[in-house]
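Biologist: I have the model open beside the sequence. Could we go through it together?

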Amino acid sequence: MSAVGSTETYQALVAGSEEFLPLAAFDAGLVSIPADAESAAQGLRWASGEQAGEPVSLDELERQHGDALRANIGIRRLPRVVELAPRVATDIAAPLPHDLESGGLRRLAGLRYEDIRASKLKDMHGLFQDDPLLSPSLQAQLFAYGALGALAGLPRPLSELVPDPFGFRIASATAFGGMDALAQWLRPDAPLPPGGIPKDTFAVRLAHSLGSHGPALVSTMLAPSYSISRVLKNPELRESLRSDNVGFMRVPQTPMTAVGACASSLIALADIAPQLLFDYPGFQKPQMALLTAADAALQPSYGILEAFGGGALMTSEKLAAKNAAHADGSQRSVHDSLAPFDIDADGTVVGHGGSGLLVTTLDFALRNRLDITSIIVGWGQSAEAGGKAHFAGVGFGGENALVQALDMAFQGHGYGVQDFQYLAAHATGTRTNSKTDLGTAWAGLSGAAERQGVTGALPKLFVGTPKAVGDGHTMGETGLKALSQALQFVLGRPAPGVPTLRRLDPDLADVAAHFHLQAEPSPGNADGGALCATQGFGGYNGAVALRSATPEAFARYECDPGVLAAYLDAWPAIRNEREQRERLARRSPKLALAMAETHRWTGLE
């Protein structure tokens with residue numbers, strides 16, 4: 001879930017599909033969409049008001065709500081921020097669309113108090129009170145929606161695919177608004193009490209720990225949970241959690257959370273991937289990992305904007321000055337004010353977001369008939385601070401993570417630098433970061449080429465970034481969002497270019513010559529490769545290399561011939577069924593709750 005809606009809404013925007021408007025209207029709670037409809041533009045009905053249940057045409061939806069829906073998504077001016085000046089550094093950001101921050105996301109996710117009380121998760125209803133101090137924080141809701149939503153791709157319940165919860169692991173990432181908020185009295189999105197100090201500090205701290213740690217909430221929703229008071233009165237509840245694996249309770253492993261600012265989610269992947277591949281006597285090796293990340297960067301009272309300061313952020317004043325300087329009279333709108341690689345790049349735009357992807361091994365996916373959307377062929381991370389202090393992209397060494405990923409792709413999988421065509425760039429939106437973004441990518445590519453013995457010119461990578469579509473900068477979640485867009489590219493589907501690019505920054509002339517930069521999206525490459533490279537505060541860098549999943553790609557690995565042949569025969573049907581499941585889950589109400597009810601481990605009957 002991002003500033004321009006869910007992955008489905010976002011992809012419709014990138015592809016210029018007519019489904020974009022109805023999906024945006026669904027996010028806003030205006031319409032219902034038949035889950036089995038081939039297109040989101042078919043079978044629309046009003047979801048509320050006097051016309052609830054009545055059909056609505058696309059033209060009517062456009063006429064009544066088109067302008068408002070578009071105005072309430074993506075990068076935009078924040079209302080009432082001027083009242084907080086000078087404490088707030090800018091009035092431009094990318095919050096969630098429509099009313100999702102004030103209760104709409106809980107509606108979409110099914111995390112309202114009445115939803116939980118009427119569900120199979122009723123035993124954990126205390127975590128979902130409607131009191132702002134007790135209900136899940138916005139960041140926790142983003143974790144739940146993004147992470148649990150990824151489970152919609154599974155052909156059968158997670159508890160059947162991975163009967164032992166210790167075979168499942170949550171690898172998560174965040175930047176601000178989570179760990180560093182522990183020093184606050186109040187949970188980030190809670191209202192200030194009279195006098196500014198809460199009476200029951202213990203209750204507030206407890207609520208904060210429950211509200212800000214989204215990965216723990218996801219883990220809890222996937223396993224039985226009973227309050228201490230209930231277990232004391234009913235000891236059999238605890239006994240129901242015993243598993244057939246003697247000595248172990250029927251609960252999943254603790255989530256692993258990486259906090260490395262922008263590169264967090266790629267670093268989380270680099271940490272969890274070896275656990276899926278390598279073994280050690282006695283180690284409970286996960287068979288599947290849920291890679292998830294979320295940030296609610298604008299809480300509380302746009303505090304993260306204050307932390308950045310006006311120098312690193314796009315502001316209305318900067319935007320007005322840029323527009324006034326355009327000799328041709330062209331005007332850059334607020335929506336396209338985050339302009340990486342452009343001469344107008346003068347500050348980033350902070351936003352909210354949450355994502356989730358499922359990661360497993362090729363053998364597990366083949367044997368369980370999971371739709372393999374891509375193959376991770378390399379990953380890397382590095383942490384250099386020489387000359388960088390805490391700013392991202394200032395200094396040297398950021399290419400180390402990318403070189404590691406490319407080395408792994410070459411030595412472990414046989415893919416050289418020429419086998420990658422797309423770069424999902426960090427694209428912070430400042431001229432300094434634009435230089436280091438392409439500079440470190442080129443240094444990594446050329447360095448890896450030299451290590452591989454490649455001579456001559458390298459193919460130009462197509463550069464794209466989700467941020468320029470209107471999502472802003474989600475910090476710890478930004479690498480996972482880039483990975484999701486790279487995945488679209490290797491599926492052969494439209495992947496964003498740099499839509500805000502108009503005038504290439506002249507300072508990039510030399511390094512940009514090695515890349516292909518354009519505003520239009522890429523059509524994708526169903527037999528291609530993509531790279532994600534992200535630089536974070538403190539010099540924490542992460543990189544991931546993806547390749548398309550094809551029969552020829554599978555032939556590079558040692559697979560059971562019978563299992564592989566059966567999979568390839570069924571693969572078209574497997575993909576079609578997966579896409580239908582995801583569409584059904586996405587367009588049905590209470591996505592996160594429905595996924596938790598379907599995929600959670602239950603106690604022994």
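Biologist: How many cavities of 30 Å³ or more are there?

Modeller: The count comes to 3 cavities of 30 Å³ or more. A cavity here is a set of points on a 1 Å grid, over the protein atoms alone, where a 1.4 Å probe fits but cannot get out. Its volume is the space filled by probe spheres set on the points, which are joined across faces, edges and corners. Please note that this is a predicted model, in which local features need pLDDT of at least 70 and side-chain atom pairs pLDDT 80 or more, while totals for chains, interfaces and linings use all residues. Residues are numbered from 1 along each chain as its sequence is written, and side-chain values use heavy atoms, without hydrogens and water.

Biologist: What volume has the largest cavity, and which residues lie nearest its centre?

Modeller: The largest cavity has a volume of about 80 Å³. Its lining has 13 residues (each with an atom within 4 Å of a point), and Gly 398, Thr 440, Ala 533, Thr 534 and Gln 535 lie nearest the centre. Two or more lining residues come from each of α16 (399-413), α17 (431-451), β13 and β14. Helices (H or I, at least four residues) and strands (E, at least two) are DSSP runs, numbered from the N terminus.

Biologist: And the second largest cavity: which element gives the most to its lining?

Modeller: That is α18, with 4 residues. The second largest cavity has a volume of about 70 Å³ and is lined by 14 residues, including Pro 466 and Lys 467.

Biologist: Turning to the sheet, in what order do its strands stand?

Modeller: The open sheet of 6 strands runs β9-β14-β13-β10-β11-β12, with mixed pairing; two strands pair if DSSP finds at least two bridges between them. β9 (375-383) and β12 (515-516) each have a single partner strand, so one side of each is left without a neighbour in the sheet.

Biologist: How many bridges join β9 to β14?

Modeller: There are 8 bridges, and β9 and β14 (residues 540-547) run antiparallel. Gly 378 stands opposite Ala 545 in β14.

Biologist: Lastly, how many salt bridges does the structure hold?

Modeller: It holds 27 salt bridges (a side-chain nitrogen of Lys or Arg within 4 Å of a carboxyl oxygen of Asp or Glu). One of them joins Arg 77 and Asp 91, at 4.0 Å from N to O. Arg 77 lies in strand β3 (residues 76-77) and Asp 91 in the loop between β3 and β4 (92-93), so the pair ties together parts that are 14 residues apart in sequence.

Conventions. 1 Å grid on protein atoms, 1.4 Å probe; cavity = no way out; pocket = protein on both sides within 12 Å on 5 of 7 lines; lining within 4 Å.
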